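The report below follows one residue into its surroundings and then turns to the overall fold. Please have the model open while reading.

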Amino acid sequence: MAVQYVNRTITPILHRRGVVVEPETISVSSTTVTGVNTIWSDQGVAAGTIIILDANGQGSGPENATIASVDSNTQITLSSAPSGTFNAGTTYNFTQIWYF
């Protein structure tokens with residue numbers, strides 16, 4: 001039996017309650033991702049979600065990493081440290097894959 005999957009990209013939110021906010025960006029230190037203008041817990045981001053670091057490819061990425069835990073609206077812990085360098089201002093996206 002073949003495994004089927006659905007790949008969904010979640011783009012960070014730039015509007016909250018009708019108010020335009022600054023773009024969401026991140027920085028990464030080892031396995032800790034720190035967000036600016038992020039609301040990850042409120043958005044339902046969960047362990048197992050794939051984060052695409054440097055999604056626009058302007059720096060060391062793009063590079064995929066798996067989220068081990070969402071610690072708060074502004075902090076995520078990765079399963080392993082990425083190989084690239086992702087300083088303050090790094091762009092990102094999330095991808096979730098569901099297997100049926």
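## Contacts of Ile26

With neighbours within four places in sequence left aside, Ile26 is in contact (heavy atoms within 4.5 Å) with Val33, Thr34, Gly35, Trp40, Ile51, Leu53, Asn87, Ala88, Gly89, Thr90, Thr91 and Tyr92.

This is a predicted model, in which local features need pLDDT of at least 70 and side-chain atom pairs count only at pLDDT 80 or more, while totals for chains, interfaces and linings use all residues. Residues are numbered from 1 along each chain as its sequence is written, and side-chain values use heavy atoms, with hydrogens and water left out.

## The nonpolar core

Ile26 also appears, together with Val33, Trp40, Ile51, Leu78 and Phe94, among the residues with the most contacts inside the largest nonpolar core, which has 14 residues. A core of this kind is a set of buried Ala, Val, Leu, Ile, Met, Phe, Trp, Tyr and Cys residues joined through side-chain atoms within 4.5 Å; buried means under 20% relative accessible area, exposed over 50% and partly exposed in between, with a 1.4 Å probe and protein chains only. At least two residues of this core come from each of β4 (25-29), β6 (50-53), β7 (63-72), β8 (75-78) and β9 (92-99).

## Two buried loop residues

Thr90, one of the contacts of Ile26, lies in the loop between β8 and β9 and counts as buried, at 10% relative accessibility. Its side chain reaches the backbone oxygen of Asn87 at 2.6 Å. Beyond four places in sequence, Thr90 touches Thr25, Ile26 and Asp54.

Gly61 belongs to the loop between β6 and β7 and is likewise buried, because its relative accessible area is 18%. Not counting residues up to four places away in sequence, Gly61 touches Leu53, Asp54 and Phe86. Gly61 and Gly84, although 23 residues apart in sequence, are separated by 6.8 Å from C-alpha to C-alpha.

## Overall fold and surface

The protein has one helix and nine strands, arranged from the N terminus as β-β-β-β-β-α-β-β-β-β; helices (H or I, at least four residues) and strands (E, at least two) are DSSP runs, numbered from the N terminus. Among contacts with a separation of 6 or more, 59% join residues 24 or more positions apart.

Of the 100 residues in the protein, 31% are buried. The accessible surface comes to about 5900 Å², and 50% of that surface belongs to carbon and sulfur atoms; accessible areas come from the Shrake-Rupley method with a 1.4 Å probe, and for residues only the protein chains shown count as cover.

How values were computed:
A polar contact is a pair of N or O atoms within 3.5 Å; within protein, one must be able to donate a hydrogen and the other to accept it, and residues adjacent in sequence count only if both atoms are side-chain atoms.
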